[in-house]
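Please study the structure shown below and consider how two helices may be arranged with respect to each other. The explanation then turns to the enclosed spaces of the structure.

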Amino acid sequence: MESGIDLPGVQPAMSRQLQPHSKPILTQQTRRLFLQRLALLGAATAGSQLLAACSSTSSADAPSTGQQNPTPTEGPRGTLTADHVEGRILVIIELEGGNDGLSTVIPADSKTYYDLRPQLAIDPNDVIALNDRVGLNPRLQRLKQRGVTIVEGVGAPEGDLSHFEMSARWQQGDLDGNSGLRTGFGGRLSDALYRGSPATGVSLGGPAPFLLGRQTMPLSFEGLDDLWTLQPTEWSELSAFQEAIGSFNSGLVSRAYGQLLSLGEKLASVEGTDIDWDDPMLSEGGSIGQQLFLASDVIEADIGTRILYTHHGGFDTHDDHRWQHDYLMSELDAALGGFLDRAETLGFADRVVVATVSEFGRRIRENNGGLDHGTASVMLVTGAIEPRILGEPVDLGQLDENGNPVITTSFDRYFASLAQEWLGIDASSVLPSHPEPLGLL
Amino acid sequence: MIASRLVFYVHEVASTRQVSTNELLDQAAMARAAHLLRRTSVGVHPERISRLANLSWDDAISDVLAEAQARRDELEPVPEFESDDAPVIWWVRQLLGDSNGLLDRMSWFWHTVLTTSIDKVDARLIGPQVRLFQARGLSNFRHLLHGFVTDGALLQYLDGAGSEAFNPNENLGRELMELFTLGRGHYSQDDVRVAARALAGWSVDDESGEVVFNPESSFNAPALFRGEQADWNTEGVVDALCDDPLTAINISGKLWDHIVGTPREQSEIEELGNWWYQQDLEIIPLLERILRSENFANAQFSRPKSGFEWWASMITATNTEWDNLWSLRYLGQAPYLPPNVGGWPGGDRWLGPGSMLGRLSAAFGLEQVGSGPWPTEAVLERCGLFDVSANTKAVLEGVGQNQDLQPQDRRLLRWRVVLTCPEFNQL
C-alpha cells in the first residue's frame, strides 16, 4: 500500500470506542526514540534564551497570541487565587463512553441495586469497603492502598443521553450546554497557568477539545512513536532540518519553532529510565498505563506542563458489561498504581492530582448483560490529597422517566474543586456557572 | 514498532524548469495568480497558476468565478458509500482534484461555518450534505439555508431529527440563530423556544436515511418570534432570519475573514453586509465584491493556513498519494470532525506550537521527491511561492551549501524546509 499519509497508532475517529486490547502505543525502543527525537529537535539551537521560558518555574511571559482579541464565546480569563501553588499538575483521565458509577463505587447496602442488577451486581463480599454503605470495585486494590477520593452522584442537572452532547458539555465545562463557550475547561486552566511553555497543556492518546484554550493549544502526542518518523541513521538529515527551521526569524511560525526547539533542548537533558516491561503499569495497564507512563516522563522532563489529558476508552458497555468493566478497572488500577509509584520515585508525588471524567453514568436496570446510557456517575481523584467521600449518593429508588437517578452533584462543582482548590484558579473565572467547590482538600 | 514512513511522490516532470525570457514580469504575475488561487481553491495545482498568470487581475477573477459555475453544472451524482469515512474521503478528493476551484473553496468554507461531525451522524448523510454545499454554496444564502436546516446530517447533528413541537429540542433553533444567521446576542430564549418548535417535525428514516416530515409533530399555532406574531414553520423561521440584515452582516463577515483574513473595521463589515442584504444574499456577487477589493489584492501571505489547508496545499504541491485522513488529526483539523458545533477556532492559533508540531512532523516525513535535481526555485514554484522573504531565501541557500548531506538529502531537505517556511504556512 503506497499510502501517502499513514501514521500508525491513530485510531480512526469512527471507531473511537477502543477495545480493551488496544494496540500498544509504547515500546522500549520508541520511548528512547521519543526522548531522543525531542532532544534532536533542540540540537540546532544551543543556548537558546527561550529555554528559560519553558521551565515551570520561570516568570510569566506574554501569551503567544495575545494580539487576538477574545470573543465572548471564549470565556472569561482565568485568574489565580492567593492560594495558588506554582508547579501543581492536574492529570485528567477520560473514561470514554460513560463509566458506570455503580460498578466503580458499589452501593453494597442497597437492596435496589441488587434487585435491578441480578447478573451484573458486584457481590457485597467482594467490594473493598470504604464505609458501611459503599465500597470500591474489587479490581481497584492499588488505588485503595494509595488512597482515593470518590465524588458521588456527579452529572448535569438537565442532562442528555447523547455521548456527543455530554462530552461536549464536560469538555467545555458547560453545565447546561447553553453557555456558548467554544474553549475547553482545561484550555482555560492552561491559559491561566501559561508561563510561556508550548507544553502547558498536553494531550496523550488522542486529541482533546478539553484543552483548547483562548491562548493555548494542547501539544498532542498520540503515542511516543507518533511524533517523528525517524531512523537513527538519518541523524544528520534531521539536525540539518532543525537548523533550518530554527533559522527562520520572524512571525508566529518562527516563534513556534523556537518554542518547540527549546522544548526539545530541555528534553535532551532528561535521561529517561529504562522501561521495565514487567512493571504492571505496562504489562497490565493497557493503553492508559502507557499514557500515564508517558505522562510521568513529560512531568519529569519539567517542560512546563500543568494539565495532562489522557484517554481510557471502552466504557460504553451496552453489552457484556461485567467482563468489559472489570477489565477496564484492572487496567486503570495498574495504570494509576504505577503512575503514583513513579511520581514518588521521580519526586513529583506532592504536586500531582489525577482525576477522572466521564460524560455520564449508566442505567441502573441491566439490559441483556449490558447497561444503557444514564445520568450520574462517580468520579475518582487520587494523588497529593487526603482520601475523602464527596458529593452525595444518588437515590436509587427515585428514577426519572428513563429509569435514571437524579444527579446530586453538578459536575461544575467538581471542576470548581480541581480549578480552585487544587490549582488555585478562581473557579468563577473559568466556569460560567460560578460553582462552589466541594472541599477536595 | 517504528512508524511507517510518509512517502511523497512528486512528478519528476516538474523538476526541470524552463526559464522564460520575461522572467521578472512572469514572477510578479505568477505571484499574483498564486495568491488568487490559494484563496479561491483548496490546494493549488501549479499548472493552474501559469494559466491565470497570463490574464489581467480582473480577468483572472472573472475566470475563477466563471469556472466555479461551470464546475457546478457538471457535478457527478453522489455515489453510494461502503464505509463510514468514504464520503469524507470522496469529498476531500474533489477538494484536491485537478479541477478544484472556487466551488471547492466555498464548500470547504460552508463546512467550517455550517458544521457537522461524523462522530454523531449516520455516515450515509454526509454525501448529501456535501452535495448541498456544492450545489447551493454559490447560489443564494437563503436557498442554501433552507436546504441546510432540513439536511439529514445537520438534523442528526443538532438534534433536530425526531424533535417534536410539543417538547422540542432547542439545540438546532439556538445554533441556527447564533452560528448560522444572526450571531450571538441578537435573539432571546423565547426566540429559541419558538424557533425550536417551528423547526420540529423532521426526522431521518433509520432504514433509508431519507429525511421525512411528520406534520403531526410539527408546530401549527400562532406564536411570537422576533417580535412578530404569526403561524411559524421551518420555512418561515428561516425566511424571517434571512430577512434580518444582521444575518447578512454576520455571514458576509465570516466570508470576508475566510477569504481576505486581514482585520477590518466593524463599520466596513456592516457596510458589506448591508450591501449584500440589498443583493438578496446572492453569493457570487458577494464573492466578486470581496475578490475585487483592494484589501484582498494586498492580502498576500496574511492569513494563517488552517491545519487542513496546510495539508491540502502540501498534498497538491508534492502530488502525494493518500488514502485516509488520520494524519489530519495531528494537524488539528480532520474534515467532519470539528471540536464542537462552533467549528475550528481559527486565526493565529493555527501557527502556535501545538499546531506547528504536526506540520514539522509531516514535513519531515517527506521521504522521496523523485530523481530530478529540484533546485530551490523549482521547489518554490511547485509550492506556488514566487516572492519569499530574504530570510527564507537565506535559509534555503544554507541548505544548498550544507556539505554534510548527500545531494539527494539536500534535495529532500529543500522540500522539507519549503513546506515549513513562514510563507507556506500562510494563505
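Angles between axes that are over 145 degrees count as roughly antiparallel. This cut-off is needed for a pair of helices in chain B of the model, which is a predicted one.

The first helix of the pair is α7(B), which covers residues 141-149, and its partner is α9(B). Their axes come within 13 Å and cross at roughly 155°. The two helices α7(B) and α9(B) are therefore roughly antiparallel to each other. As to handedness, the crossing of α7(B) and α9(B) is right-handed.

Which residues make the contact between α7(B) and α9(B)? From α7(B) come B:F141, B:L145, B:F148 and B:V149, while α9(B) contributes B:L172, B:L176 and B:F180. Sorted by class, this contact has seven nonpolar residues, with no polar and no charged ones.

The helix α9(B) also has a part in the second topic, the cavities. A search of the whole structure finds 14 cavities of 30 Å³ or more. The largest cavity holds about 210 Å³ of space. Its lining consists of 21 residues, and the closest to its centre are A:E165, A:Q172, A:G177, B:E175 and B:V341.

Two helices, α6 (163-172) of chain A and α9 (171-180) of chain B, each supply at least two residues of this lining. The helix that gives the most is α6(A), with five residues. By class, the lining of the largest cavity has six nonpolar, seven polar and eight charged residues, whereas the contact of α7(B) with α9(B) has no polar and no charged residues.

Conventions: Residues numbered from 1 in each chain as written. Chains lettered and ligands numbered in written order. Predicted model: local features only at pLDDT ≥ 70, side-chain atom pairs only at ≥ 80, totals over all residues. Heavy atoms only, no water. 1 Å grid on protein atoms, 1.4 Å probe; cavity = no way out; pocket = protein on both sides within 12 Å on 5 of 7 lines; lining within 4 Å. Points joined across faces, edges and corners; volume = space filled by probe spheres on them. Helix = DSSP H or I, 4+ residues; strand = E, 2+ residues; numbered from the N terminus. Nonpolar A, V, L, I, M, F, W, Y, C, P; charged D, E, K, R; others polar. Axes fitted to C-alpha atoms, helices over the stretch in contact; angles between N-to-C directions. Parallel < 35°, antiparallel > 145°, perpendicular 65-115°, else oblique. Left-handed = near helix turned anticlockwise from the far one by under 90°. Contact = heavy atoms within 4.5 Å.
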